Amino acid sequence: MTPRGRHFFANPGPTNIPDSVLQAIAHHTVDFNGPDFLEIYDACIAGLKRVLRTKQHLFMYTGSGHAAWEATLANLFSPGDRILVIETGHFSESWGSMARDLGLQVQSLPADWRRGVDYGALSAALADDRAHAIKAIGAVHNETSTGMTLDLPRIRAALDAAGHPALLMADTISSLGSIDFRMDEWGVDAAVGGSQKGLMLPVGFSFTGVSEKAMAAHAKSTLPKHYFGWTQMLARRHRSFIGTVPIALFYGLRESLRLIEEEGLENILARHHRLAEAVRRCVRHWSGNNGPQLFGLAPERLSDSVTSILMPEGHDAESLRRRVATMNVALGGGLGRLGGKVFRIGHLGDLNEPMVLGTLGATEIGLKLEGIPHAAGGVDAAMAYLAETAP
Ligand code: PLP
């Protein structure tokens with residue numbers, strides 16, 4: 001039977017799409033080379049650069065975040081180049097294995113997934129690399145599988161302190177528009193993002209913000225590329241997209257940028273932080289009776305866009321997810337080696353207090369029905385926090 005009521009989508013991506021964005025996307029087809037569309041297109045590029053906080057280059061692709069990952073690697077490197085990927089979880093592993101498949105040497109900076117990387121080990125790896133064989137650092141700003149963030153300014157500072165010329169590549173796929181990110185100020189050379197998370201759009205395009213320094217590296221790169229080639233793109237009016245431009249998504253992007261600028265980036269970050277903290281208060285409460293607990297063990301690294309929750313030993317996160325799904329609530333599952341062990345609550349994008357409380361309430365019902373130990377009343381803890389911090 002078709003479930004009644006609104007679907008509560010609490011997976012950390014894709015995310016909820018505001019009604020006004022959905023309506024904007026429902027646009028008839030127009031000529032993507034025509035003056036009316038080009039005006040919208042140019043305004044969208046300028047707006048997206050403001051969200052990335054960059055005045056440098058931006059290349060866009062019709063494809064999900066993986067497309068931007070691949071485009072970034074193919075445009076910056078040559079076969080056999082070495083990159084250093086900071087281990088954060090499933091997505092750092094996947095980006096690293098993609099780089100290996102493309103013919104790069106991938107050095108991993110290992111880290112405990114629950115505690116996060118030791119920045120001292122990063123400085124040591126950079127100091128060891130006296131020959132500057134490492135061409136770039138790959139950093140997943142917000143690791144969507146573990147719900148932990150990387151401190152990008154600290155990584156920039158480690159590079160500067162070591163006098164190391166490696167590029168800094170940041171995956172902002174689940175941080176942009178929900179967690180503070182500043183491409184130019186933080187000296188990020190390649191910032192990878194996608195449409196379907198903080199930008200509140202359907203899956204469909206992804207992009208890379210590219211610094212002047214990275215453009216110089218691109219000029220020397222020999223990995224094969226064509227559809228993703230930045231040089232090929234620069235020859236086109238749109239300076240992106242080899243092929244047909246995803247027109248409808250630009251009508252949606254124009255509206256989502258309007259919403260973002262109306263609310264203001266600072267307010268958006270504050271809203272995300274407050275809703276995330278409500279989720280954390282709830283989970284900390286549940287953990288009281290040997291219940292599910294926050295997966296991340298370093299409080300200052302916990303993500304404001306997604307919370308990963310570790311199940312008590314012997315209990316399956318997938319059964320809980322199935323139970324909660326009967327109430328028309330979609331939780332995120334554990335990825336890679338965390339499959340069955342964690343579930344995830346996405347709290348990014350178009351979200352408010354009742355949506356968070358509804359998700360937490362359904363999850364607490366699920367815990368009870370599945371016989372999973374927990375301290376009841378987590379939702380009360382979240383409500384108390386939200387009441388205390390009401391704007
Ligand atoms: N990087 C991060 C941090 C992600 O969260 C995701 C997807 O969730 C990806 C990369 C891959 O993006 P996509 O699934 O859009 O290809």
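About 2,700 Å² of area is buried between domain 1 and domain 2, and carbon and sulfur atoms give 56% of it. Keep in mind that this is a predicted model. The domain assignment puts residues 8-15 + 264-388 in domain 1 and residues 19-261 in domain 2. Below is a quick tour of how the two domains meet, where the salt bridges sit, and how one of the sheets is put together.

**Where the domains meet**

- Taken over C-alpha atoms, the centres of domain 1 and domain 2 are 27 Å apart.
- On the domain 1 side, 32 residues take part in the contact, and domain 2 brings 33 residues to it.
- Four salt bridges are counted between domain 1 and domain 2.

**Salt bridges at a glance**

- Searching the whole structure turns up 22 salt bridges.
- R337 pairs with E87 in one of these, with 3.8 Å between the closest N and O atoms.

**E266 and R53**

- The side chains of E266 and R53 form a salt bridge, at 3.3 Å from N to O.
- E266 sits in helix α10 (residues 265-286) and R53 in the loop between α2 (35-52) and β2 (57-62), so this pair ties together parts that are 213 residues apart in sequence.
- Both ends have some access to the outside: E266 is partly exposed, with a relative accessible area of 46%, and R53 is partly exposed too, with a value of 25%.
- This pair also belongs to a wider group, since R53, D180, R182, E185 and E266 are linked in a network of salt bridges.

**E255 and R258**

- Here the salt bridge between the side chains has an N to O distance of 3.0 Å.
- This one is a within-helix pair: E255 and R258 both lie in helix α9 (residues 247-263), three residues apart, or about one turn of the helix.
- Buried or exposed, where does E255 fall? E255 counts as buried because its relative accessibility is 13%, and the cut-off for buried is under 20%.
- Its partner R258 counts as partly exposed, at 41% relative accessibility.

**E353 and R274**

- The side chains of E353 and R274 meet in a salt bridge at 2.8 Å, N to O.
- With E353 in helix α12 (residues 353-369) and R274 in helix α10, the pair links distant parts of the chain, 79 residues apart.
- R274 counts as buried, at 13% relative accessibility, whereas E353 is partly exposed, with a relative accessible area of 27%.
- Helix α10 thus turns up in two of the pairs described here, through E266 and through R274.

**A five-stranded sheet**

- Five strands make an open sheet with mixed pairing, and their order is β1-β13-β14-β12-β11.
- At the edges are β1 (8-10) and β11 (293-294), each of which pairs on one side only.
- Strand β12 (residues 306-310) and strand β14 (residues 342-346) run antiparallel and are joined by five bridges.
- If you want a spot to find that pairing by eye, look at S308, whose bridge partner in β14 is R344.
- Helix α11 (residues 317-325) packs on the sheet, where it touches β13 (329-333) and β14.
- The direction of helix α11 makes about 165° with that of β13.

Terms used. Residues are numbered from 1 along each chain as its sequence is written. This is a predicted model: local features need pLDDT of at least 70, side-chain atom pairs count only at pLDDT 80 or more; totals for chains, interfaces and linings use all residues. Side-chain values use heavy atoms; hydrogens and water are left out. Helices (H or I, at least four residues) and strands (E, at least two) are DSSP runs, numbered from the N terminus. Buried means under 20% relative accessible area, exposed over 50%, partly exposed in between (1.4 Å probe, protein chains only). Two strands pair if DSSP finds at least two bridges between them. Contact means heavy atoms within 4.5 Å. Axes are lines fitted to C-alpha atoms, for helices over the stretch in contact, and angles run from 0 to 180 degrees between N-to-C directions. Domain bounds come from an automatic or database domain assignment. Buried area is the accessible area (1.4 Å probe) that two parts lose on being put together, summed over both.
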